[in-house]
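Please open the structure in your viewer and keep the selection tool at hand. This tour moves from one selection to the next, and at each stop it says what can be found there.

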Amino acid sequence: MPASAPLLPTAIFFFLCFVLPNSLNAAGFSVELIHHDSPKSPFYNASESPFDRVWRAIDRSNSRINYFISSTSAASRKDASSTVVPRAASYLMSISLGTPPLEIVAIADTGSDLIWTQCLPCKTCYKQVAPIFDPSKSSTYTDVSCNSNTCTELPKLGCTSNGGCMYGYSYGDGSYTNGVVGEETLTMTSSNGGSVNFPNITFGCGHENVGGFDSHGAGIIGLGGGPLSLVSQLGPSVGKKFAYCLVPYAQNTTSSRMDLGDNAVVSGNGTVITPLISKKGGETFFYVTLEKISVGENSISVPSPEKGNIFIDSGTTLTILPTSAHKSLLPVLKSAINLQPVPDPSKYFDLCYEFGKDLKIPDLTFGFDGGELVLGSMNTFLQVNENLTCLSFLGSDSVAIIGNIAQQNFKIGYDLSDMKVAFQPTDCTHQ
């Protein structure tokens, strides 16, 4: 396939705008995803080159990978170290909390579970552009009991004087949030002004929030697989199903989309379905089993001492393979690409070529437990400057991740009830 357009990552932030039917049920609703670097985004910086944005996304992704390594090696999900780095997460999500509702714009993250926002009164709060949520002004706010089952799902700091549950999350960069666990009405507002309320959503009311949080975000909304994530808490309303379709970065003037509920079911021609694997201590992550990688007639085995040897993460830019598989893949790709590789001046990537019309990148096939998924050049190579394009895979002995470059132009549907994920080749610009 000729490399005729920049192959840039679908990273690092998106805004989510909810588009809801008049009556919400398991048929679900849709979410607009706006790329952080899109001209539609308030974060758009016209002075940056596309390649400045590439390297900024890679830097954030590196931080995320490092903390995934530390979190997945932890003995328990409940130790006080979260799986996300505040500045390395993937989305911004607009919701409202309370009665009357207060709009909250927070980082939405598939690599964590807890929903939390800054709350008044602040013991220590970071600077926030939007108003901070005040639970005393909401008629629907209640504290969660320190003796409740919900409280046991969190890194618990102790109990308040009136028996409320106190939580504490710390992050790998030294940032942390401490506060009280509450229940509140969460409101999602449609683009036409209609809204739907979800009562009794558990969230963290952060009164002490210190470190590398972005002033444009009011907290974090967990979208992982654990019981306190937004998708899990909306379970009966959306059937514990969600899907997203990420447009290629080069087309980021078109919004990506997320679906929840029955319209998140992915089926039809070309659909590949593979089981989601639940791991003790890793319930947050969406693990699958990658058995092999093929280039033409050549196949490379991927080590899998147990089911679930790699997880899918929409917030990580690059794909991280087990070191042995990555090393085996490089010579196979070199022999399939009829050009001489060129060194990467940054010494970051392992396989690079001069970007131009003569570069033809073969398809790669990911052989999952259940089917084979064909990845085109936009899913496997990344243009890092005007003259250089590099394989967007790296090797690691500590963690394996299918990153968001590999996910571009697939509708990916998660069914957390049946524990399966489906991939369907899709032109995400027409979703």
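Which backbone nitrogen does the side chain of Asn309 reach? Select Asn309 together with Leu290, keeping in mind that this is a predicted model, and you will find that the side chain of Asn309 reaches the backbone nitrogen of Leu290 at 2.8 Å.

Stay with Asn309 for a moment and colour the strands on either side, since this residue lies in the loop between strand S17 (298-301) and strand S18 (310-312). Although Asn309 is in a loop, it counts as buried, because its relative accessibility is 14% and the cut-off for buried is under 20%. If you now show what surrounds Asn309, leaving aside neighbours within four places in sequence, the residues in contact with it are Val288, Thr289, Leu290, Val302, Pro303, Ser304 and Ala400.

Next, zoom out to the whole chain. The protein chain has six helices and 28 strands, and of its 431 residues 58% count as buried. When you trace contacts between residues at least 6 apart in sequence, 68% of them join residues that are at least 24 apart. If you turn on the surface, the chain exposes about 16800 Å², of which carbon and sulfur atoms supply 50%.

Now hide the surface and look inside, at the largest nonpolar core, which has 70 residues. Select Leu230, Leu329, Phe366 and Tyr414, for these are the members that touch the most other members of that core. Taking Phe366 as an example, and not counting residues up to four places away in sequence, you can find it touching Leu290, Lys292, Ile293, Gly371, Glu372, Leu373, Leu375, Phe393 and Ile402. There is also a second, separate core of 20 residues, and Ile58, Ile65, Ile277 and Leu388 are included in it.

The following stop concerns aromatic rings, of which a search of the whole structure finds 15 pairs. Select Phe242 and Phe286, which form a tilted pair with 5.9 Å from centre to centre and 55 degrees between the planes. This pair links distant parts of the chain, as Phe242 lies in strand S12 (residues 241-245) and Phe286 in strand S15 (residues 286-288), 44 residues apart. Both rings belong to buried residues, with a relative accessible area of 1% for Phe242 and 4% for Phe286.

Add Tyr244 and Tyr414 to the selection, and you will see rings whose centres are 5.7 Å apart and whose planes meet at 40 degrees, so this pair is tilted as well. Tyr244 lies in strand S12 and Tyr414 in strand S27 (residues 410-415), so the pair ties together parts that are 170 residues apart in sequence. Tyr244 is buried, at 1% relative accessible area, and Tyr414 is buried too, at 2%. With the four residues shown together, ring pairs link Phe242, Tyr244, Phe286 and Tyr414 into a cluster.

For another ring, select Tyr287 and Lys279: here Lys279 lies over the face of Tyr287, at 4.5 Å from the ring centre.

The tour's last selection is Gly158, which is found in strand S7 (residues 156-159). Leaving aside neighbours within four places in sequence, Gly158 is in contact with Cys146, Gly164, Cys165 and Met166. If you then draw a distance from Gly158 to Gly168, C-alpha to C-alpha, the two are 9.2 Å apart in space and 10 residues apart in sequence.

Terms used:
Residues numbered from 1 in each chain as written. Predicted model: local features only at pLDDT ≥ 70, side-chain atom pairs only at ≥ 80, totals over all residues. Heavy atoms only, no water. Core = buried A, V, L, I, M, F, W, Y, C linked by side-chain atoms within 4.5 Å. Buried < 20%, exposed > 50% of the residue type's maximum accessible area, 1.4 Å probe, protein only. Contact = heavy atoms within 4.5 Å. Phe/Tyr/Trp six-rings, centres within 6.5 Å; stacked < 30°, edge-to-face > 60°. Helix = DSSP H or I, 4+ residues; strand = E, 2+ residues; numbered from the N terminus. Lys NZ or Arg CZ within 6 Å of the ring centre and 35° of its normal. Polar contact = N/O pair within 3.5 Å; in protein donor to acceptor, adjacent residues only side chain to side chain. Areas by Shrake-Rupley, 256 points an atom, 1.4 Å probe, with all protein chains shown as cover.
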